[in-house]
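Me: I would like to go through some of the labels used for this structure and ask what each one rests on. Please set each value against its cut-off.

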Amino acid sequence: MELTWVEVSKSALRHNVETFRSLASNSLLGAVVKANAYGHGLVPVAQTVLEAGADWLCVNALYEAQALRQASIDCPIYVLGYVSPTDAEAVVEADLRLVVYDPSLVEALSAAASKGRSVPLHIKVETGNNRQGLSLEQTLALARMIRTLPGVHLEGISSHYADIEDTTDHTFAKEQLSRYREIDLALAADGHKLSVRSFSNSAATLLWPATHFELVRVGVSLYGMWPSKETLVSALLEKRNAPKLKPALTWKARIAQVKTVKAGEFVGYGRSFQATHETRLAVIPVGYYDGYDRGLSNLAHVLIDGRIAPLRGRVCMNMVMADVSDIPDAAPNGEVVLLGESNGSAISADQMAEWAHTINYEIPTRINDRIPRILVD
Ligand SMILES: Cc1ncc(COP(=O)(O)O)c(C=O)c1O
């Protein structure tokens, strides 16, 4: 029997895909499924979002792309992260398209490309994030090199926003966009015809239809989360319809034990909680090893049939303790919701991120890959 598991709502994923499908109706919809589909489960999510209308899958690394191909997924797969030149043959074999910024990878791909098939490449252009990107001069040089080599071709350019989610002041993001346009124009003037340009992540796809280009790369919001409160406020300020997104993930566990602690006794490591009255505690077999942040100690709560059970003491490696004094029917083997909805109440990734002093992205992506992901409804 599973002690802890993650349920992923197919209908929520479908709803979110359809929302982005209609927001970016003139672009390809690239579903970003890196990091185990933001913790939701790579293959089941990929299959669901493709059925719902996504066109491409975007991953970070070769091993993720290979796992998708092994699951017989044959759509375009775009690798956004680092690929070593020594893996060029594997890239060709898996029929992938890549972000490139390194001439030695381009050469290795050209050498590895099978006859008659050309590897589509996307140069990462520097617009202000200073992660991966090439300057205008370097971009032109790499584009010219690609033009001269067999087995590879330049399909597009891509860039990534540095400061779009953290603020409602988008001056810097708009400067990035003008740098992108400048590089795009320079490539066109140099005779390069790009068929798939991309820049937009969730926030830009939600906020600025003019920046969708031929492909949007949507991650966090496909899973039903707004990239940030600032993005939601910006959408409302710009008087755009802020679409309703549906969170897809619920993390559950079973109560392992219920015990009574007398008034004055302590709970857990460091004795950080002392009971002021007789307290019923549920011991839940999930801890920081599973991705339940230790920063949630004495702060977060779990839900039992919609009722709040506050954490007592520190989050351990494999266990947490929650106060069920006011939930008399809490019993061993009973179900607990750590994240997501429970009988009309909910703990959102945003709420958990606030408790743990991080961003909502980190909450589902850190749920240990070992925990089963189950598609529901
Ligand atoms: C290159 C790139 N594109 C797109 C995305 C998707 O971003 P978001 O999850 O904000 O939609 C990411 C995520 O980090 C990324 O690194």
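Me: Why is Ser-297 called buried?
Reply: The model is a predicted one. Ser-297 has a relative accessible area of 16%. Buried means under 20%, so Ser-297 is counted as buried. Ser-297 is located in the loop between strand 13 and strand 14.

Me: What makes the approach of Ser-297 to Arg-294 a polar contact?
Reply: A polar atom of the Ser-297 side chain is 2.6 Å from the backbone oxygen of Arg-294. The limit for a polar contact is 3.5 Å, and 2.6 Å is within it. The side chain of Ser-297 also reaches the backbone nitrogen of Val-315, at 2.8 Å.

Me: Why does Tyr-289 count as partly exposed?
Reply: Tyr-289 has 45% relative accessibility. Partly exposed covers what is in between 20% and 50%, so Tyr-289 belongs there. Tyr-289 lies in the loop between strand 13 and strand 14.

Me: Which residues form a nonpolar patch with Tyr-289 on the surface?
Reply: Tyr-288 and Met-317 form the patch with Tyr-289, and together the three have about 310 Å² of accessible area. Patch residues need over 30% relative accessible area; Tyr-289, at 45%, meets that condition.

Me: How do you know that Asp-190 and Arg-147 form a salt bridge?
Reply: Their closest N and O atoms are 3.7 Å apart. A salt bridge needs a distance within 4 Å, so this pair qualifies. Asp-190 lies in the loop between helix 8 and helix 9, and Arg-147 lies in helix 7, so the pair ties together parts that are 43 residues apart in sequence. Arg-147 is partly exposed, because its relative accessibility is 47%.

Me: What makes Arg-197 and Asp-184 a salt bridge, and are they buried or exposed?
Reply: The closest N and O atoms of Arg-197 and Asp-184 are 2.6 Å apart, which is within the 4 Å limit. Arg-197 is in the loop between helix 8 and helix 9 and Asp-184 is in helix 8, so this pair ties together parts that are 13 residues apart in sequence. Both residues are buried.

Me: Why are Glu-362 and Arg-366 called partly exposed?
Reply: Glu-362 has 29% relative accessibility and Arg-366 has 38%. Both values are in between 20% and 50%, so each residue is called partly exposed. The two form a salt bridge, with 3.1 Å between the closest N and O atoms.

Me: How many salt bridges does the structure hold?
Reply: The structure holds 16.

Me: Why is Ser-11 called partly exposed?
Reply: Ser-11 has a relative accessible area of 34%. That is in between 20% and 50%, so the label partly exposed applies. Ser-11 is found in helix 1.

Me: What makes Ser-11 and Asp-377 a polar contact?
Reply: The contact between their side chains is 2.8 Å, and the limit is 3.5 Å.

Me: How do you know that strand 13 and strand 16 pair?
Reply: Strand 13 and strand 16 have 4 bridges in the antiparallel sense. Pairing needs at least two bridges, so these strands pair. In one of the bridges, Ala-282 has Ala-322 in strand 16 as its partner.

Me: What makes strand 10 and strand 16 edge strands?
Reply: The open sheet has 3 strands in the order 10-13-16, with antiparallel pairing. Strand 10 and strand 16 each pair on one side only.

Technical notes
Residues numbered from 1 in each chain as written. Predicted model: local features only at pLDDT ≥ 70, side-chain atom pairs only at ≥ 80, totals over all residues. Heavy atoms only, no water. Helix = DSSP H or I, 4+ residues; strand = E, 2+ residues; numbered from the N terminus. Patch = residues over 30% accessible without salt bridge, like charges linked within 9 Å, V, L, I, M, F, W, Y side chains within 5 Å. Areas by Shrake-Rupley, 256 points an atom, 1.4 Å probe, with all protein chains shown as cover. Salt bridge = Lys/Arg side-chain N within 4 Å of Asp/Glu carboxyl O. Buried < 20%, exposed > 50% of the residue type's maximum accessible area, 1.4 Å probe, protein only. Polar contact = N/O pair within 3.5 Å; in protein donor to acceptor, adjacent residues only side chain to side chain.
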